[in-house]
Amino acid sequence: MTTSASDTARIVVVGPASWNHLIELEHLPAPTPHMEFARRSVHTLGGTSAGKALHLNDLGVAVELHSLIGDDADGRCIRDVLREAGVTLRSHASSATERHVNLMTPTGERISIYISTPSPITPGGLATIEQALTDADIAVLDLSDTGVRLLERHSRIGWDAEVWVDLHDYDGISAYHQPFLSAADVVFMNADRTRDPWALLSTCVTAGPHLAVCTLGADGAIAMDLSGTRYTIPAAAAAVVDTNGAGDAFMAGFLHATTLGRDVSTSLAAAAQQATVALSTVHTHPVLTGALGFD
């Protein structure tokens, strides 16, 4: 990795911010018509990029979030929440704000139902993000159509920020993930779609990244660098309220530690600790609780 040891690294996060309705069930519904009673129901900020930006901001990182957000009630909620949390948001015009209904269980199982998705980014919006990336030290490009467009134009535009990508539930072969994997310096993922996380990490570092990290839920996380060196970390002790957003918090913790010049093992420990911040609340980050009028 080329990132220098600094607590003033400029980080640009590009990707989804959404307004979510989280519904907690005792178990996920069977695929037959029936009735379920919710244990809890919360409307709150979501989106993988918004989650990373919130946690990076919490850690004192200079972060700028670029997201497609509509001029509607849900979009106004997102803008208000992020402003109150102190996150620098650059919202780009969209015909609708991304919205999800997430069916959750206490053990972390989830079904995400997309209620609305943003429209494609405009040429002007792309140019604005590319200018921000030109001035950035690190670009966190989350999976999105905007990310695809940025990568397609990367060789022509020529920004030099180090690229970090969250591949989420990458299975090692998905064609959609390949441009992100090939462009990345560092990749993160979970083990939801693999039986052999070490083999998955090996596949990733052979494709270009210098480092690949895979979260294993309650079993902690593992990482592999370009030399094939393996790293492991147990999950940090936590009183789990909700698992939503823990992966975003984990990546933010690792990224922050890396900008401070920490090695992989130390960064993994910092990541595991930051994940407990997300686990402690039903919201993306505890800053959304109480102070912003949420339950």
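What follows is a walk through the helix packing and some single residues of this structure. The model is predicted.

Start with helix α1, which spans residues 48-58. Of its 11 residues, 9 are buried, so α1 is largely enclosed by the rest of the structure. The buried set runs through T48, S49, A50, G51, K52, A53, L54, H55 and L56. After the helix comes G60, with a positive phi near 85 degrees.

One partner of α1 is helix α7, residues 246-259. The two axes come within 8 Å and cross at roughly 45 degrees. That angle falls outside the parallel, antiparallel and perpendicular ranges, so α1 and α7 are oblique to each other. Their crossing is right-handed. On the α1 side, the contact uses T48, G51, K52, H55 and L56. On the α7 side, it uses D248, A249, M251, A252 and L255. By class, the residues of this α1 and α7 contact split into 5 nonpolar, 3 polar and 2 charged. The α1 residues in the contact, T48, G51, K52, H55 and L56, can be looked up in the buried set, which includes T48, G51, K52, H55 and L56.

Now follow α7 to its other contact, with helix α8, residues 264-279. Here the axes are 7 Å apart and the angle is about 140 degrees. The crossing of α7 past α8 is again right-handed. From α7, the residues that meet α8 are A246, A249, F250, G253, F254, A257 and T258. From α8, they are V264, S267, L268, A270, A271, A272, Q274, A275, A278 and L279. This α7 and α8 contact has 13 nonpolar residues, 4 polar ones and no charged ones. A249 of α7 takes part in the contact with α1 and also in the contact with α8.

T258 deserves a closer look. This residue lies in α7 and belongs to the contact with α8. Is T258 buried or exposed? Its relative accessibility is 7%, under the 20% cut-off, so T258 counts as buried. Where does its side chain reach? It reaches the backbone oxygen of F254, at 2.9 Å. F254 is itself one of the α7 residues that meet α8.

Past α8, the chain enters the segment that holds T281. T281 is buried, with a relative accessible area of 6%. A polar atom of its side chain lies 3.0 Å from the backbone nitrogen of H283. Setting aside neighbours within four places in sequence, T281 is in contact with V241, D242, P286 and T289.

Next, go back to the segment before β1 (10-14), where A9 lies. A9 is buried too, at 8% relative accessible area. Beyond its neighbours within four places in sequence, A9 is in contact with V61, A62, D137 and T259. The contact with T259 leads back to α7, which ends at residue 259. A9 and L260 are 251 residues apart in sequence, yet 8.9 Å apart in space, C-alpha to C-alpha.

Another helix pair is α3 (123-134) with α4, residues 145-157. Their axes come within 11 Å and cross at roughly 65 degrees. The crossing is right-handed. L126, I129, E130 and L133 of α3 contact T146, R149, L150, R153 and I157 of α4. The classes in this contact of α3 with α4 are 5 nonpolar, 1 polar and 3 charged.

In the loop between α3 and β8 (138-141) sits A136. A136 counts as buried, at 9% relative accessibility. Apart from neighbours within four places in sequence, A136 is in contact with R10, V12 and A161. A136 and E162 are 26 residues apart in sequence and 8.5 Å apart in space, C-alpha to C-alpha.

E162 brings in β9 (162-166), and the loop between β9 and α5 (178-183) contains H168. Most residues other than glycine have a negative phi. H168 is not a glycine, but its phi is positive, about 55 degrees. How exposed is H168? Its relative accessible area is 25%, so H168 is partly exposed.

Technical notes:
Residues numbered from 1 in each chain as written. Predicted model: local features only at pLDDT ≥ 70, side-chain atom pairs only at ≥ 80, totals over all residues. Heavy atoms only, no water. Axes fitted to C-alpha atoms, helices over the stretch in contact; angles between N-to-C directions. Helix = DSSP H or I, 4+ residues; strand = E, 2+ residues; numbered from the N terminus. Parallel < 35°, antiparallel > 145°, perpendicular 65-115°, else oblique. Left-handed = near helix turned anticlockwise from the far one by under 90°. Contact = heavy atoms within 4.5 Å. Nonpolar A, V, L, I, M, F, W, Y, C, P; charged D, E, K, R; others polar. Buried < 20%, exposed > 50% of the residue type's maximum accessible area, 1.4 Å probe, protein only. Polar contact = N/O pair within 3.5 Å; in protein donor to acceptor, adjacent residues only side chain to side chain.
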